[in-house]
Amino acid sequence: MAQVFPSTRPDALPLDAQAARQESVLKALAQGLPADFTVYHGLHWTRLDEQCTVLGRLQFLVVTPAGLMICILMKTGLLQGQQGRLIKRAGDGHEDVFTQLTAQLDLLRSKFTKQYGSALNALGMVYCPDFLVPNVQGLDLEPELVVDSRDRDALAFRVIQLANRPVVSVPAKLPSEQASLRQIQAFLSNELTLVPEVGALALSADTLITRLSQGLPQWVSRLSAQPFRLRVTGTAGCGKTLLALQELQQAHARRERVLVVCYNRPLAVHLQTLVAEHQWLGAQVWNFHALCDRLLKDAGIEPDYSQPDVFNRLPEQVLGLRQDLRWVFDTVVVDEGQDFEQGWVAVLERLAHPASRWLWLEDPAQNLYGKQPVDLPGWMGLTVPVNYRNPRQVLAALDHIKPLFTLNSPELFNPESACPVDGWPVQWLGYEHAADIPAVTARAVTQCLKMGFDRSHVAVLSWRGHEKSQVLRLAQLGPHSLAHYTGQVDAQGRHVFSQGAVLAESVYRFKGQSAQAVVLTELQLEEMNDTEFRKLFVAMTRATLYLVVVASVGTLAKLKVLQGQG
């Protein structure tokens with residue numbers, strides 16, 4: 001089975017008839033092509049763009065192990081044959097299918113050559129599953145490059161035949177050096193804005209996903225300034241962490257050094273894992289206090305963690321050091337900027353040179369520690385209120401309960417929904433007594449599995465921290481084994497988790513990450529204030545498809561929701 005990018009998830013997208021038709025073709029290609037083939041598609045753009053193209057008018061790009069790109073232009077419905085051409089009627093006008101295909105191929109080749117200086121070996125194929133071409137031999141396109149209704153179920157086979165042709169010609173006007181497979185993959189990842197997924201468990205998460213066409217990375221890529229200093233204030237799910245990952249990817253392509261600093265150590269560990277997997281040389285990811293620790297140790301100073309207030313004094317100690325040129329980066333990205341303090345900015349400034357590229361990513365709505373906003377005078381600002389990650393049903397549930405809380409800044413919690421997924425209604429499960437929490441939580445996990453989610457894509461988040469949580473102390477939750485943080489780190493500094501099939505974490509430690517299905521458990525609200533809603537906002541927006549909330553019956557009454565209600 002071929003690899004598919006962006007990765008697809010069962011039932012993730014409620015598709016219209018056109019998109020469903022193309023999804024069936026995607027599945028046929030994936031199942032009919034060998035494992036060393038790669039299929040790129042555009043189905044993730046369906047809801048926003050009302051089309052399923054990858055680049056321009058193409059629906060599918062197939063990359064063979066030899067580095068041949070086969071570009072498939074799919075035309076459904078009736079066509080007309082005119083003087084060796086295929087014509088598609090569109091309203092009062094018409095479209096020449098071959099002209100469209102040629103234009104897209106020329107664009108791809110020219111963009112690739114401009115970026116890499118080598119020739120992109122690409123072929124164009126027309127797929128018209130509803131139309132029988134009367135005389136394929138009489139077309140202006142090679143017969144092997146046209147698949148009509150006679151062979152509509154053999155598209156993958158025809159692609160393999162093209163891949164096995166002994167010689168594929170490259171236009172003479174292109175450079176003689178052939179593109180490498182790595183160059184092609186990097187080119188498509190950049191063109192389609194494909195970046196690694198930050199999921200519940202980095203090793204089991206989807207390898208690549210795509211941002212929607214109006215996403216944050218596209219906006220940022222259109223900005224220019226010297227020096228580049230950009231502060232992005234974006235709501236949950238707008239793509240801030242994905243933008244940080246794209247900066248890592250692009251800095252690697254430019255052979256530059258890049259530093260990503262966040263507040264949450266578990267998030268830093270996940271990003272470090274992705275950096276290692278993709279071999280992004282010159283890239284480093286740290287949470288702020290671990291970075292200070294490393295800077296001090298490199299200077300021969302061992303922090304004394306037995307002293308009170310040691311973490312508050314780490315930045316001051318770093319500022320007393322001489323600057324180490326080994327710790328100077330071409331790009332500095334701050335993620336979770338709302339959790340940073342003003343004094344920490346000076347520490348980060350030591351790690352950049354005057355021309356360094358800076359991005360500061362923050363969401364004031366996710367300020368769980370009561371920090372004052374950091375002052376960044378002279379920086380460009382970009383406000384992003386658009387949420388791409390969370391299903392409409394999750395945002396609707398937040399809108400339903402928001403008026404019940406006393407909020408200091410209600411406008412922070414009004415994300416614009418642009419997610420292509422409606423999702424399922426949020427499920428609310430109640431417990432009478434604390435002793436019932438494990439059983440009800442186990443039932444919630446079972447419900448996720450019944451909905452079709454794999455255990456590796458379910459995250460159980462406790463409202464309580466590790467010290468007070470019942471769930472986070474358990475090795476087993478009914479029939480479900482739990483993977484949770486043991487409090488230990490390995491030789492590489494990564495957090496050690498117990499062996500288990502379902503991740504269990506606290507809300508605080510899971511901030512900045514996401515999972516397809518989330519079970520929020522041990523929820524008990526004492527006060528309906530700004531602090532509690534911020535935490536609830538963070539917890540609920542971790543779910544990318546499905547959310548189940550396990551709460552005390554008193555809390556359900558305060559939230560004015562009924563058990564099992566969406």
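Two strands count as paired here if DSSP finds at least two bridges between them. With that in mind, welcome to a set of close-up views of a predicted model.

**Figure 1. Three strands, β5, β6 and β7, make an open sheet.** The strand order is β5-β6-β7, and the pairing is antiparallel. At the edges stand β5 (80–82) and β7 (93–96), each pairing on one side only. On average, neighbouring strands of this sheet are turned by 40° against each other, direction ignored. Look between β6 (residues 85–90) and β7 for the 4 bridges that join this antiparallel pair. Arg89, for instance, has His94 in β7 as its bridge partner. Helix α3 (residues 97–116) packs on the sheet, where it touches β6 and β7, and its direction makes about 55° with that of β7.

**Figure 2. Helix α3 meets helix α5.** Two packed helices are described by the angle between their axes and the distance between the axes. Here the axes of α3 and α5 (residues 181–191) come within 11 Å and cross at roughly 110°. The range for roughly perpendicular is 65 to 115 degrees, and α3 and α5 are therefore roughly perpendicular to each other. From α3, the residues to find are Leu108, Lys111, Phe112, Gln115 and Tyr116; they meet Gln183, Ile184, Ala186, Phe187, Asn190 and Glu191 of α5. Sorted by class, this contact has 6 nonpolar, 3 polar and 2 charged residues.

**Figure 3. Ser118 sits in the loop that follows α3.** The loop in question runs between α3 and β8 (122–127). Is Ser118 buried or exposed? Its relative accessibility is 0%, so Ser118 counts as buried. Ser180 is worth adding to this view: although Ser118 and Ser180 are 62 residues apart along the chain, their C-alpha atoms are separated by 8.6 Å.

**Figure 4. Seven strands form an open sheet of mixed pairing.** Follow the strands in the order β20-β28-β27-β21-β26-β23-β22. β20 (427–431) and β22 are the edge strands, each with a single partner strand, so one side of each is left without a neighbour in the sheet. Strand β22 (residues 476–477) runs antiparallel to β23 (residues 480–483), to which 2 bridges join it. One bridge to spot pairs Leu477 with His480 of β23. Together β22 and β23 form a hairpin with 2 residues between them, and Gly478 in the turn has a positive phi of about 60°. The pairing of β23 with β26 (residues 502–506) is parallel, again with 2 bridges; there, Leu482 has Val502 in β26 as its bridge partner.

**Figure 5. Helices α13 and α14 lie across strands of the seven-stranded sheet.** Helix α13 (residues 437–450) lies across β20, β21 (458–462), β22, β23, β26, β27 (515–523) and β28 (543–552), and runs at about 165° to β27. Helix α14 (residues 530–540) lies across β20, β21, β27 and β28, at about 145° to β27. How many of the 11 residues of α14 are buried? The count is 10, so α14 is largely enclosed by the rest of the structure. Among these buried residues are Phe533, Leu536, Phe537, Val538 and Met540, along with Asp530, Glu532, Arg534 and Lys535. The buried residues of α14 pack against α12 (392–401) as well as β20, β21, β27 and β28.

**Figure 6. Two nonpolar cores lie apart from each other.** In soluble globular proteins, nonpolar side chains tend to be buried together. The largest nonpolar core in this model has 60 residues, and Leu29, Leu61 and Ile72 have the most contacts inside it. Beyond its neighbours within four places in sequence, Leu29 is in contact with Ala2, Val39, Phe60, Ile72, Leu155, Ala156 and Val159. Apart from this core lies another, of 38 residues, including Leu398, Phe413, Leu503 and Leu559.

**Figure 7. Three backbone details deserve a closer look.** The peptide bond from Gln226 to Pro227 is cis, with omega near -5°; Pro227 belongs to the loop between α6 (216–221) and β12 (229–234). Arg255 is not a glycine, yet its phi is positive, at about 60°. Arg255 lies in the loop between α7 (240–253) and β13 (258–262), and with 80% relative accessibility it counts as exposed. Glu522, another residue other than glycine, has a positive phi near 60°. Glu522 is found in strand β27, and with a relative accessible area of 1% Glu522 is buried.

Methods: Residues numbered from 1 in each chain as written. Predicted model: local features only at pLDDT ≥ 70, side-chain atom pairs only at ≥ 80, totals over all residues. Heavy atoms only, no water. Core = buried A, V, L, I, M, F, W, Y, C linked by side-chain atoms within 4.5 Å. Buried < 20%, exposed > 50% of the residue type's maximum accessible area, 1.4 Å probe, protein only. Contact = heavy atoms within 4.5 Å. Axes fitted to C-alpha atoms, helices over the stretch in contact; angles between N-to-C directions. Parallel < 35°, antiparallel > 145°, perpendicular 65-115°, else oblique. Nonpolar A, V, L, I, M, F, W, Y, C, P; charged D, E, K, R; others polar.
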